[in-house]
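Here is a set of questions and answers for working through a structure step by step. Keep the picture open while you read.

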Amino acid sequence: FGENAPQTPGERHMGWVLSIKMTFGSAAERDRFGELFRPLAEWVTANEPNTLAYDLLLSDKDECVACVFERYATKAKSAL
């Protein structure tokens, strides 16, 4: 565990997460954001090796709510 812990396929270790909850005015607005988000997420995946996850999560309880979920090996290695 920790900042210097090696990561191999299937290995779990601690990391740093940024989660941003967003509420849109309508499901259509949320869906449009998802369309705009997709190419950004693909770019991040291809170009930011310290980003372990960069996803848009949709609520199953409210069609106007979504969450951007970012996971990094450490806060120091985040893009922030």
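**Reading a predicted model**

Q: Where does Thr51 sit?
A: Thr51 lies in strand β2. Keep in mind that this is a predicted model.

Q: Why is Thr51 called buried or exposed?
A: Buried means under 20% relative accessible area. Thr51 comes out at 13%, so it counts as buried.

Q: Which residues is Thr51 in contact with, leaving aside its neighbours within four places in sequence?
A: Thr51 touches Val44, Arg71 and Tyr72. Tyr72 is also the bridge partner of Thr51 in β3.

Q: How do you know that β2 and β3 pair?
A: Pairing takes at least two bridges between the strands. β2 and β3 are joined by seven bridges and run antiparallel. Besides the one at Thr51, you can look for the bridge from Asp55 to Phe69 in β3, and for the one from Leu57 to Cys67 in β3. The two strands form a hairpin, with six residues between them.

Q: What about β1 and β3, and how many bridges do they have?
A: Here there are eight bridges, again in the antiparallel sense. With a cut-off of at least two bridges, β1 and β3 count as a pair. One of the residues to look for is Ser19, whose bridge partner in β3 is Phe69.

Q: What is the order of the strands in the sheet?
A: The order is β1-β3-β2, in an open sheet of three strands with antiparallel pairing.

Q: Why are β1 and β2 at the edges?
A: β1 (16-23) and β2 (51-58) each have a single partner strand, so one side of each has no neighbour in the sheet. From one strand to the next, the twist averages 10°.

Q: Where does α1 pack?
A: On the sheet: α1 touches β1, β2 and β3. The direction of α1 makes about 170° with that of β2. Angles here run from 0 to 180 degrees between N-to-C directions.

Q: What pattern does the protein chain follow along the sequence?
A: It reads β-α-β-β. That fits the secondary structure, which comes to one helix and three strands.

Q: What makes β3 largely enclosed by the rest of the structure?
A: Count its buried residues: six of the eight residues of β3 are buried, so the strand is largely enclosed. For the protein chain of 80 residues, the buried share is 29%.

Q: Which residues make up the largest nonpolar core?
A: There are eight of them: Met22, Phe24, Phe37, Ala41, Val44, Tyr54, Ala66 and Val68. α1 (27-47) and β3 (65-72) each supply at least two, and α1 gives the most, with three residues.

Q: Why is that set called a nonpolar core?
A: The name asks for buried residues of certain kinds, joined through side-chain atoms within 4.5 Å. The eight residues listed make up such a set. As a general rule, nonpolar side chains tend to be buried together in soluble globular proteins.

Q: What is Phe37 in contact with, leaving aside its neighbours within four places in sequence?
A: Phe37 touches Tyr54, Asp55, Leu56 and Val68. Tyr54 and Val68 are also among the core residues.

Q: How do you know that Cys64 and Cys67 are buried?
A: Use the cut-off of under 20% again. Cys64 has 14% relative accessibility, so it counts as buried. Cys67 has a relative accessible area of 16%, so it is buried too.

Q: How many disulfides are found in the whole structure?
A: Zero. To count, two cysteine sulfur atoms would have to be within 2.5 Å, and the search of the whole structure finds zero such pairs.

Q: Where is Ser78, and why is it called buried or exposed?
A: Ser78 is in the segment after β3. Its relative accessibility is 11%, so Ser78 counts as buried. Leaving aside neighbours within four places in sequence, Ser78 is in contact with Trp16 and Tyr72.

Q: How far apart are Ser78 and Glu48 in sequence and in space?
A: They are 30 residues apart in sequence and 9.0 Å apart in space, C-alpha to C-alpha.

Notes:
Residues are numbered from 1 along each chain as its sequence is written. This is a predicted model: local features need pLDDT of at least 70, side-chain atom pairs count only at pLDDT 80 or more; totals for chains, interfaces and linings use all residues. Side-chain values use heavy atoms; hydrogens and water are left out. Buried means under 20% relative accessible area, exposed over 50%, partly exposed in between (1.4 Å probe, protein chains only). Helices (H or I, at least four residues) and strands (E, at least two) are DSSP runs, numbered from the N terminus. Contact means heavy atoms within 4.5 Å.
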